[in-house]
Amino acid sequence: MNSFVNSADRVRSVHRGMAEACDPILAEIPADADLLDPDVDLDAVKRLLHAACQVRWVLVPVATKVLHRKRPRLIPMLDSVVNGYYLDAKHKSGLRAALEDGDHGERAAGAAMAILRAFRDDLRATEPELTQLQADLGQMGYELTLVRLLELLLWVGTEPRGYYRARA
């Protein structure tokens with residue numbers, strides 16, 4: 001989970017900035033909020049992402065890596081691999097620049113929400129299989145949310161260098 005926030009000063013700045021910007025909105029979102037819940041407040045998630053992307057050095061990948069830890073069943077880590085997959089699969093490559101728009105977090109949050117909704121659709125479509133995989137992995141001591149499982153499967157299947165796939 002390399003966020004490229006890699007100096008103590010930058011980590012501290014991001015941590016403090018995100019806490020100030022995001023904690024009031026996080027308080028509105030239950031800790032056990034679940035992306036599969038049809039009543040989940042995605043408007044609050046969009047406001048949360050917008051607030052996070054207002055912080056210096058925070059774009060969607062950093063924001064979601066931090067926020068995933070706060071709401072692990074709700075917010076996937078939308079890094080370059082996951083974002084790239086959905087932008088290509090949904091033919092929305094025009095949103096790529098918006099994801100990197102640090103000056104206008106509203107654009108970044110909007111693009112992230114388009115990806116989040118596509119991710120949720122895939123999560124719903126694969127829920128039975130993911131639930132079985134989650135149970136199997138749980139018996140081996142790996143406790144993962146369905147959100148994290150789908151992220152991992154996307155990474156293994158689409159990471160451009162093929163690092164996680166078997167080599168012939």
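The legends below describe several close-up views of one predicted model.

**View 1. Two cysteines, C22 and C53, that are not joined in a disulfide.**
The predicted structure holds zero disulfides. For C22, the nearest cysteine sulfur is that of C53, and it is 8.6 Å away; a disulfide would need the two sulfur atoms within 2.5 Å, so this pair does not count as one. Seen from the other side, C53 is likewise in no disulfide, and the nearest cysteine sulfur to C53 is that of C22. C22 has a relative accessibility of 1% and therefore counts as buried, and C53 is also buried, with a relative accessible area of 1%.

**View 2. The crossing of helices α2 and α3.**
Helix α2 is made of residues 42-52 and helix α3 of residues 60-70, and their axes come within 9 Å and cross at roughly 125°. The two helices are therefore oblique to each other, and the crossing in which α2 passes α3 is right-handed. On the α2 side the contact is made by L48, L49 and A52, while on the α3 side it is made by A63, T64 and L67. The loop between α2 and α3 contains W57, a residue other than glycine whose phi is nevertheless positive, near 70°. The relative accessible area of W57 is 33%, so this residue is described as partly exposed.

**View 3. The surroundings of A63 in helix α3.**
Is A63, a residue of helix α3, buried or exposed? With a relative accessible area of 0%, A63 is buried. When its neighbours within four places in sequence are left aside, A63 is in contact with M18, L49, A52, C53 and V58. Among these partners, L49 and A52 belong to the α2 side of the contact between α2 and α3, and C53 is one of the two cysteines shown in View 1. A63 can also be compared with M77, since the two residues are 14 residues apart in sequence and their C-alpha atoms are 8.3 Å apart in space.

**View 4. An aromatic cluster of Y85, Y86 and F119.**
A pair of aromatic rings is described by the distance of the centres and the angle of the planes. The count for this model comes to two aromatic pairs, and ring pairs link Y85, Y86 and F119 into a cluster. In the pair formed by Y85 and Y86, the centres are 4.8 Å apart and the planes are at 80° to each other, an arrangement that is edge-to-face. The two tyrosines can also be described by their accessibility: Y85 counts as partly exposed at 29% relative accessibility, whereas Y86 counts as buried at 2%.

**View 5. Helices α7 and α8, with E151 in α8.**
Helix α7 consists of residues 127-139 and helix α8 of residues 146-158. The axes of α7 and α8 come within 10 Å and cross at roughly 100°, which makes α7 roughly perpendicular to α8. From α7, the residues E127, L130, T131, L133, Q134 and L137 meet L146, L149, L150 and L153 of α8. Helix α8 also holds E151, which is buried, with a relative accessible area of 1%. Which residues does E151 touch, not counting those up to four places away in sequence? They are H68, I75, P76, M77 and F119; of these, F119 is also part of the aromatic cluster in View 4, and M77 is the residue whose distance from A63 is given in View 3.

**View 6. N83 in helix α4, and H91 in the loop between α4 and α5.**
Helix α4 spans 80-89 and helix α5 spans 96-99, and H91 is found in the loop between them. N83, which is found in helix α4, is buried, with a relative accessible area of 5%. Apart from its neighbours within four places in sequence, N83 is in contact with V60, P61, L78, L99 and I115. H91, by contrast, counts as exposed, at 71% relative accessibility. The phi of H91 is near 55°, a positive value in a residue other than glycine.

Conventions:
Residues are numbered from 1 along each chain as its sequence is written. This is a predicted model: local features need pLDDT of at least 70, side-chain atom pairs count only at pLDDT 80 or more; totals for chains, interfaces and linings use all residues. Side-chain values use heavy atoms; hydrogens and water are left out. Buried means under 20% relative accessible area, exposed over 50%, partly exposed in between (1.4 Å probe, protein chains only). Rings of Phe, Tyr and Trp (its six-membered ring) pair if their centres lie within 6.5 Å; planes under 30 degrees apart count as stacked, over 60 as edge-to-face and the rest as tilted. Axes are lines fitted to C-alpha atoms, for helices over the stretch in contact, and angles run from 0 to 180 degrees between N-to-C directions. Helices (H or I, at least four residues) and strands (E, at least two) are DSSP runs, numbered from the N terminus. Angles under 35 degrees count as roughly parallel, over 145 as roughly antiparallel, 65 to 115 as roughly perpendicular and the rest as oblique. A crossing is left-handed if the near helix is turned anticlockwise from the far one by less than a right angle, and right-handed if clockwise. Contact means heavy atoms within 4.5 Å.
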